[in-house]
Amino acid sequence: MFDFYRVSAGVPDLRVADIPYNMEQIRSKIEEAKHQGACLIAFPELAVTGYTCGDLFFQHALIDASNNAICTLAKDTRDTNLIITLGAPVHVNNQLFNAAITMYKGKIYGISLKTFLPNYNEFYEKRWFSSGEVINMEEVSSNDIFGDAICEYKIPIGNNLAFEVPGKFKMAVEICEDVWAPLSPSTWMALAGAELIINISASNETIGKREFRRDIVKNKSAQLNCAYLYVSAGSGESTTDLVFSGHSLVAENGKILKENSNIADNDFILSCDIDFGRIRSDRTKGKTFFDTYKAYGMFVPQKCIPLQKTSDIQSSDATLYSISAHPFIPSNESKRQERCKAIFEMQVAGLRKRLSVTGSKMVIGVSGGMDSTLSLLVAAQTLRKMNRPMSDLIGITMPAFGTTDRTYQNALKLMDTLGISVATIPIKEACTLHYRDIGHDISIKDVTFENVQARERTQVLMDYANRMNAIVVGTGDLSELALGWCTYNADQMSMYGVNASIPKTLVRWLIDSVVKYNLFPDSSDVLKDIIDTPISPELLPPDENGKIAQKTEDVVGPYELHDFYLYYMMRFGYTPSKIFAMAQIAFCDKYDKDTILKWMKVFYRRFFTQQFKRSCMPDGVKVGSICLSPRGDFRMPSDAVSKIWLSELDKL
């Protein structure tokens, strides 16, 4: 499905030098990976013999048995629709190499050689092996290594091999210590086009090493814009002097997708889905990746070995891929609090810089809703940081036809507990006069009825700011800008928008973090009630019970869906079909596919038609990976046509 492919790390139980037993365990893991729907499985370094054979590697009997076992495995898997990479010693031209054998449907496509051999502390690999750097050939005859056990053909060999699964993805293999090197072979492999780097390893466990290893893999996947599959030898290895843990994990673009949890693990398989579309998107946007190729292309292998008969390899259903329903919000509470604190501080820093230049006071329209509350909190904290009096912040509440007692009282309580200057300016009379001036029947509750109020509020704010030598701090958020859910030249406009890159689903958590960190203790109670208030522009009269009747999400759709669409459209450029499929997985327990599709159509239609509002949006600090500022991340003509996107949705 849409560039998702399932891969497995297999950690078999093994017995040192017991090759028949080891191959039996490897075969078992291959069958398990097939059952799980994987298209690839990787086994640890020297998995055929065991890593801890020591001087037994000098025994021809061991090497011959290993070669025969590899040949037999190739023959036995000729009908197996699974790419297999496993570690084994390989003897070529009177040199022994620590190698990774990659095979598919009975054919060995390449022998990847380890470049960096650890020869310090508990390791002494140079006693047995030669570095892949010294190999003086690009291919070797299968008969030269495996004898007559398989039909003769040429096998690519070296420490710079890359493999292509045509039309699906590209991959390469490095071995253990290679990733620890200052400049790893995977750097050149990725620049050659490899989107998946496999590392087969035998890394022993010591205190702190697991965390360090995890950081290396995660950072390498981020640095190379790739997926990185790391599989290490399990606790079945010899424990004469070391213990091996089977630490295995898969990372994608700096994020750990899957990792085994046991400290000393053995005899297991770890499978997960990789989104190669995400990798390609980041490589397409990040021109530095290909600028690096241009600068160092002479070191990059130019040959990519195509695997044949791979049409049977199918993409996965993405069920083993973690798709968050709220991609802007960390699911872990402590991480969410840390993220929100950092974002809040960035908002404050941006506004502080603006005030240091203008030297002005601030005016904010306070509705009692979450967006204006967040802007107000940012402004108040900014004054604290600048050691300025709270009276330099003027909050104006402007009750009109749709204002409820709950939001009005919350606005007053919030401003009072913050200790800022307060002004209450009712706008019903001004709006009524304006309706008469433009010939609008006040009984008709249409868009004119609503927008007159929105523009009147902005006029009050702007004119009051002039009177007080102040700037108007905007309250609109990223989600509203994406949907154009703001009145042109009304709440769309301010002199600085502190929420411009804050998605709606994150706003409540930012306010919640202010409460949790106790930044404004006197305001905590009212802030909690504001968080629980339904989202509404309050431009239509309340219901018969005086409660909010106009709920934004009833009209425009759930913001959690729109934020989901926005994230994957803007961050990775995914097609509507892919986003739709992912949304069905992420929201399977909440929305049916018809509901998801309905609001997707609303999202795409509004996103394109409302660009003109974003083309002249005020300045505002970018705090996340997505920003719609025409001066920053996003440039789109206001008259762009959405036909391609909407046509794709119609087909769904």
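Biologist: Before we look at pockets, which residues count as nonpolar, which as charged and which as polar?

Modeller: Happy to start there. Asp, Glu, Lys and Arg are charged, while Ala, Val, Leu, Ile, Met, Phe, Trp, Tyr, Cys and Pro are nonpolar. The others, Gly among them, are polar.

Biologist: Thanks! With those classes, how does the lining of the largest pocket divide?

Modeller: Bear in mind that this is a predicted model. The largest pocket has a volume of about 1500 Å³ and is lined by 50 residues. By class, that lining holds 12 polar, 13 charged and 25 nonpolar residues.

Biologist: Which element gives the most to the lining of the largest pocket?

Modeller: Nearest the centre of this pocket lie H326, P327, F328, I329 and P330. Elements that give two or more residues to the lining are β13 (255-259), α6 (276-285), α8 (333-358), α14 (504-516) and α17 (559-572). The one that gives the most, with six residues, is α17.

Biologist: And what about enclosed space: how many residues line the largest cavity, and which are closest to its centre?

Modeller: The structure holds one cavity of 30 Å³ or more, and about 120 Å³ of space lies in the largest cavity. Its lining divides into six nonpolar, six polar and three charged residues. The lining numbers 15 residues, and the closest to the centre are G476, L481, D491, Q492 and P618.

Biologist: Let's turn to the open sheet of five strands. Which strands stand at its edges, and why is one side of each left without a neighbour?

Modeller: The strand order is β18-β17-β16-β19-β20, with parallel pairing. Each edge strand has a single partner, so one of its sides has no neighbour in the sheet. Those edge strands are β18 (421-424) and β20 (496-497).

Biologist: Within that sheet, what is the bridge partner of I364 in β17?

Modeller: Strands β16 (residues 361-365) and β17 (residues 393-397) run parallel and are joined by four bridges. In β17, I364 has as its bridge partner G395.

Biologist: Which strands does α8 lie across, and at what angle does α8 run to β19?

Modeller: We met α8 (333-358) in the lining of the largest pocket. This helix lies across β16, β19 (470-474) and β20. Its angle to β19 is about 160°.

Biologist: Finally, what percentage of the residues in the protein chain is buried?

Modeller: The protein chain has 21 helices and 20 strands, and its C-alpha trace spans about 100 × 55 × 45 Å along the principal axes. Counting as buried those under 20% relative accessible area, the buried share of the 652 residues is 57%.

Key: Residues numbered from 1 in each chain as written. Predicted model: local features only at pLDDT ≥ 70, side-chain atom pairs only at ≥ 80, totals over all residues. Heavy atoms only, no water. 1 Å grid on protein atoms, 1.4 Å probe; cavity = no way out; pocket = protein on both sides within 12 Å on 5 of 7 lines; lining within 4 Å. Points joined across faces, edges and corners; volume = space filled by probe spheres on them. Pairing = 2+ DSSP bridges. Contact = heavy atoms within 4.5 Å. Axes fitted to C-alpha atoms, helices over the stretch in contact; angles between N-to-C directions. Buried < 20%, exposed > 50% of the residue type's maximum accessible area, 1.4 Å probe, protein only.
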